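Here are my notes on the model you sent round. Please read them with the structure open.

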Amino acid sequence: MPHMHGELLFHQFDQPSIMSELGRDRLLFALHEMLRIRQFETRAEAAYQQGHVGGFFHSYVGQEAIQTAAISALGKKHWYITSYRCHALVLLLGEKSNEMMAELFGKKTGNAKGRGGSMHMYSERMLGGFGIVGGQIPIATGAAFRNKYLGITDEIAICFFGDGAVPQGTFHESLNMASIHSIPCLYVVENNHWSMGTPLHKTMANHNHFVEKAAEAYDILYYRLDGMDFFSCYAGFKEAFQHIVKTSRPVIIECITDRFKGHSISDPALYRTKEQLKECMSKDPIGKFKIALLESKICTENEIQEIETKSREEMIQAIKFAEESPWPDISELEEGVYV
Ligand SMILES: Cc1ncc(C[n+]2csc(CCOP(=O)(O)OP(=O)(O)O)c2C)c(N)n1
Ligand SMILES: [Mg+2]
């Protein structure tokens, strides 16, 4: 049952029935996707340290289960939007890792022709990585309104943002409007407890209950999910989606998660002790997912190893592609510039 008010419990779900619903192929596909994200981030970060990548770089490592489960549960045919921490979503929506890596390298073959870099990659259904905290929330609300206006009832908009975006005015204005006009938008707070180096209790009043209370204030259904658990996320996303399609009402999901890296590549995260980091890494969503697959005899260690190798080789190839790609030509400088 979803819970709107009262005790903060994770959404209830039945792992064995989700496993049989998804079946071996889709479960292994989800594992592959999570490993691809982790490999992409790890290889790209190494390339950054070697001086091949410049500008901002925010890793999604630690949070992989959330967006992987969202796309497993909802499919790709919706409007998606997220913050600057956007590599995973672009990869999950089907963009080529070669082109994404080339984008980080600033090359002509990049996802945004080398003009956007880490924070601004796109896919046909993804309205962007967004550099302004909370800036994507009204845009998702507008995309969902567009679907409703056109009478499209089986597509919604899904908006991911961090805990740091919750105190922003954009969150509150969007929620109020989405509720009043019954806009089919799914708002997903990826609560990793930190806004850069600032802990939650310094950015959010009543921080343990803030999102839930906001949902209550705006009369929107709320779910709290374990963002380190693929199955919790899958169950919650699926139920939220069904509710939105049935009612055209918005839903808020709060995923409790942890990022394993600093806020960005230039952040050594000294505000977190080694013990705290170890504790949060012990909840690794990929490790947990692998154990679930092995314990349920969905696959063998060897099969997992093969998927790991395939993911690693793909990203090594992506680095090679990016390195060998040409730089954009100076004559293209004004292309795509409208103002
Ligand atoms: C409007 C605005 N204010 C401040 C910043 C600087 N800034 C960039 S990321 C960030 C923290 C956001 O944290 P959160 O929303 O929790 O996302 P996370 O990085 O944890 O995924 C801040 C304050 C910004 N980009 N935009
Ligand atoms: Mg955060």
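The points below go from the sheet to its individual strands, then to the ligand shell, one helix and two loop residues.

1. Status of the model. This is a predicted model, and the remarks that follow should be read with that in mind.

2. The sheet. Six strands make up an open sheet, and their order across it is 2-1-3-4-8-7. The pairing is parallel. Strand 2 (126–130) and strand 7 (221–226) are the edge strands; each has a single partner strand, so one side of each lacks a neighbour in the sheet. From one strand to the next, the twist averages 15°.

3. Strand 2, at one edge. An edge position raises the question of cover: how many of the residues of strand 2 are buried? The count is 4 of the 5, so strand 2 is largely enclosed by the rest of the structure. Its pairing with strand 1 is parallel and runs over 3 bridges. Within that pair, Ser83 stands opposite Phe130 of strand 2.

4. Strand 1 to strand 3. Strand 1 (residues 79–83) is also joined to strand 3 by 3 bridges, and these two strands run parallel. Tyr80 has Ile158 in strand 3 as its bridge partner.

5. Strand 3. In a regular strand, side chains alternate between the two faces of the sheet. For strand 3 (residues 157–162), 6 of its 6 residues are buried. Both faces are covered: one carries Ala157, Cys159 and Phe161, the other Ile158, Phe160 and Gly162, and all of these are buried. When checking side chains here, please look at both faces.

6. Strand 3 to strand 4. These two strands run parallel and are joined by 6 bridges. Cys159 stands opposite Tyr187 in strand 4, and Gly162 has Glu190 of strand 4 as its bridge partner. The connection deserves a look as well: strand 3, helix 6 (residues 169–180) and strand 4 (residues 185–191) make a β-α-β unit. That unit is right-handed.

7. Strand 4. Here 7 of the 7 residues are buried, so strand 4 is largely enclosed by the rest of the structure. Cys185, Tyr187, Val189 and Asn191 are on one side, with Leu186, Val188 and Glu190 on the other, and both faces are covered. Note that Glu190 and Asn191 are among the buried residues. On to the next strand in the sheet, strand 4 is joined to strand 8 by 6 bridges, again in parallel. Leu186 stands opposite Val251 in strand 8.

8. The shell around ligand 1. Which residues come nearest to the ligand? Out of 14 residues around ligand 1, they are Val133, Gly162, Asp163, Gly164 and Ser195. One of these, Gly162, is the strand 3 residue whose bridge partner is Glu190, and Gly162 is buried. By type, the shell holds 5 nonpolar, 7 polar and 2 charged residues.

9. Helix 11. Pro285, Ile286, Phe289 and Leu293 are the buried residues of helix 11 (residues 285–295). Seen down the helix axis they fall within an arc of 95°, so they line one face of helix 11. Gly287, Ile291 and Glu295 are exposed on the other side. Ile291 is therefore worth a glance when you inspect this helix, as one of the residues on the exposed side.

10. Asn206. This residue has a positive phi of about 50° although it is not a glycine. Asn206 belongs to the loop between helix 7 (200–203) and helix 8 (210–217). Is Asn206 buried or exposed? With 10 other C-beta atoms within 10 Å, Asn206 is exposed.

11. Ser248. A positive phi also appears here, about 60°, and Ser248 is not a glycine either. Its place is the loop between helix 9 (230–247) and strand 8 (251–256). Ser248 has 17 C-beta neighbours inside 10 Å and so counts as partly exposed.

How values were computed: Residues are numbered from 1 along each chain as its sequence is written. Chains are lettered from A and ligands numbered from 1 in the order in which they are written. This is a predicted model: local features need pLDDT of at least 70, side-chain atom pairs count only at pLDDT 80 or more; totals for chains, interfaces and linings use all residues. A residue is near a molecule or strand if its C-beta atom, placed from the backbone, lies within 6 Å of it. Ala, Val, Leu, Ile, Met, Phe, Trp, Tyr, Cys and Pro count as nonpolar, Asp, Glu, Lys and Arg as charged, and the others, Gly among them, as polar. A residue is buried if 20 or more other C-beta atoms lie within 10 Å of its own, exposed if 12 or fewer, and partly exposed in between; C-beta atoms are placed from the backbone. Two strands pair if DSSP finds at least two bridges between them. A crossover is right-handed if, with the strands pointing away from the viewer, the path from the first strand over the helix to the second runs clockwise. Axes are lines fitted to C-alpha atoms, for helices over the stretch in contact, and angles run from 0 to 180 degrees between N-to-C directions. The arc is that of the directions from the helix axis to the C-beta atoms.
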